[in-house]
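I opened the model to look up a pocket, a helix, a side-chain contact and the nonpolar cores. My entries follow in the order in which I made them.

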Amino acid sequence: MLALADCNNFYVSCERVFRPELENRPVVVLSNNDGCIIARSNESKALGIPMGAPVFQIEEQLRRQQIHIFSSNYPLYGDMSDRVMNTFEASVPQVERYSIDEAFLELSGCNEEERLSECRELKARVRRHTGIPVSIGIAPTKTLAKVANHHAKRHPDCNGVFELSDERKRDEVLGATGVEELWGIGRRTGIKLRRAGITTALELQRADITWVRREFTVTGMRTVLELRGEPCIELETAPPAKQTICSAKSFGQLIQEWDPLASALTAYLTQAVDKLRRQQALTSAMQVFAHTNRHRRDDPQHACSVLLEFPPTDYLPELARRAVEGLRPHFREGMRYQKAGVLLLQLIPRSHRVGHLWDDLEQLEKQDALMSVMEQVNRRWGRRTLNLASAQDTRQWRMRQHRRSPGYTTCWSEIPVAQTG
């Protein structure tokens, strides 16, 4: 049996851990540059705050309803996610980290009572260790575990844990689940299923498997089999290696000069190379791009992009030099650029690097040593402690984060202080 453990309103919950007075109060978290709402507490949902709404459109409503607003704080959320996942991994035999706030778990309980007890204890342990509330759905397949998890969240009488192994109970829950709510069923597929008269998960479960495979390929067939309790999607304890790595962001203010854009580009590339090295991979191609704000129709529009190819490497200074020199001829002075980024392509495992007779092995060793030292310093003293000089000047392009909470667990100078008496 599997379980899907999902952190409740994760970004909001991370903020509440360090601001307990916000428990049961409406809270929202904003996207990059404080643009749109990307996370809501249950109280905010009840007040009618829409997901994805631009803040400037509902600013008066947020103020009138006294909703607490936070800028996104991804380093904090990532660290809190690691703490939650580490608790899972210390408690159950196998864990698949599915997303920043979700994990599939392999359970050891032999019957429903043991599994429910195991998950209730795990839920309490995560709350005790991290302060994050979780909901857990238990079932024989991943797709059913997702359905069970949604049920656990929606029904307070479950106390956050629900098992979907009994066939009668399964049919009842699937009959109350819209087909679009299923894991792996997108909007277009949902429309197509409804046109065929299939509106609930139970109706899809009972659909003719040959017809499903013909109309929705093997992916649709797997979903049906999983709804019938036949596991088709294995637990992946080691995440698959990424085929591409992208790092791109909008600027805090529009940029018209090359130097600040080059600085932003170097900073975004640094983040991409961090991910590349964590994956133990090398890249041999890179797309570098920048563009103006397409929604500002009164402004002149321009987009520039360049594809660069080179011998496989993960050496940040060399990649930064290539990125900046590659995009510079395509940049137009005076244009109001809104966003820039890099996409690392043609990734190969580091162990697959093929040497050539003309390679300077001593130089390669020095590059590896420098990157290792850089990683160790930043891991010990915090991100960007040791950085390329060209990425340091963030004044013109850093994101707007006027409501950002401190880096409680990720920055030494912002660690919360406990006061006695």
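**Entry 1: the second largest pocket**

I began with the second largest pocket of this predicted model, which is lined by 35 residues. Those nearest its centre are Asn8, Asn9, Ser13, Asn42 and Pro133. I noted a volume of about 850 Å³ for the second largest pocket.

I then asked which elements each supply at least two residues of the lining. They are strand 1 (2–7), helix 1 (10–18), strand 3 (37–40), helix 2 (42–46), helix 5 (112–130), strand 7 (134–139) and helix 6 (142–154). Helix 1 provides the largest share, six residues. Sorted by class, the lining holds 15 nonpolar, ten polar and ten charged residues.

**Entry 2: helix 1**

Since helix 1 gives the largest share of that lining, I looked up its surroundings. Is helix 1 largely enclosed or open? Seven of its nine residues are buried, so the rest of the structure largely encloses helix 1. I listed the buried ones as Phe10, Tyr11, Val12, Ser13, Cys14, Glu15 and Arg16. Ser13 thus appears twice in my notes, as a buried residue of helix 1 and as one of the residues nearest the pocket centre. The cover over the buried residues of helix 1 includes strand 1, strand 2 (27–30), strand 3, helix 2, strand 4 (68–70) and helix 4 (74–89).

**Entry 3: Asp171**

I next located Asp171, which lies in helix 7 (residues 167–175). Which residues does Asp171 contact, leaving aside neighbours within four places in sequence? I recorded Leu202, Gln205 and Arg206. With Arg206, the side chain of Asp171 makes a polar contact of 3.5 Å. I also noted Leu227, 56 residues from Asp171 in sequence, with 9.8 Å between the two C-alpha atoms.

**Entry 4: the nonpolar cores**

Finally, I examined the largest nonpolar core, which has 40 residues. Phe251, Leu261, Leu269, Met286, Val288 and Leu327 touch the most other members. Two or more residues of this core come from each of strand 9 (245–255), helix 11 (258–278), strand 10 (281–292), strand 11 (303–313), helix 12 (316–327), strand 12 (337–349) and helix 13 (361–381). Helix 11 gives the most, eleven residues.

I followed Leu261 further: leaving aside neighbours within four places in sequence, Leu261 is in contact with Phe251, Ile255, Ala290, Leu327, Phe331 and Tyr337. Another core, of 33 residues, lies apart from the largest one and has Phe10, Val12, Val84 and Val134 among its members. Phe10 and Val12 were already in my list of buried residues of helix 1.

Note on methods
Residues are numbered from 1 along each chain as its sequence is written. This is a predicted model: local features need pLDDT of at least 70, side-chain atom pairs count only at pLDDT 80 or more; totals for chains, interfaces and linings use all residues. Side-chain values use heavy atoms; hydrogens and water are left out. On a 1 Å grid over the protein atoms alone, a cavity is a set of points where a 1.4 Å probe fits but cannot get out, and a pocket is an open set with protein on both sides within 12 Å along at least five of seven lines; lining residues have an atom within 4 Å of a point. Grid points are joined across faces, edges and corners, and a volume is the space filled by probe spheres set on the points. Helices (H or I, at least four residues) and strands (E, at least two) are DSSP runs, numbered from the N terminus. Ala, Val, Leu, Ile, Met, Phe, Trp, Tyr, Cys and Pro count as nonpolar, Asp, Glu, Lys and Arg as charged, and the others, Gly among them, as polar. Buried means under 20% relative accessible area, exposed over 50%, partly exposed in between (1.4 Å probe, protein chains only). Contact means heavy atoms within 4.5 Å. A polar contact is a pair of N or O atoms within 3.5 Å; within protein, one must be able to donate a hydrogen and the other to accept it, and residues adjacent in sequence count only if both atoms are side-chain atoms. A nonpolar core is a set of buried Ala, Val, Leu, Ile, Met, Phe, Trp, Tyr and Cys residues joined through side-chain atoms within 4.5 Å.
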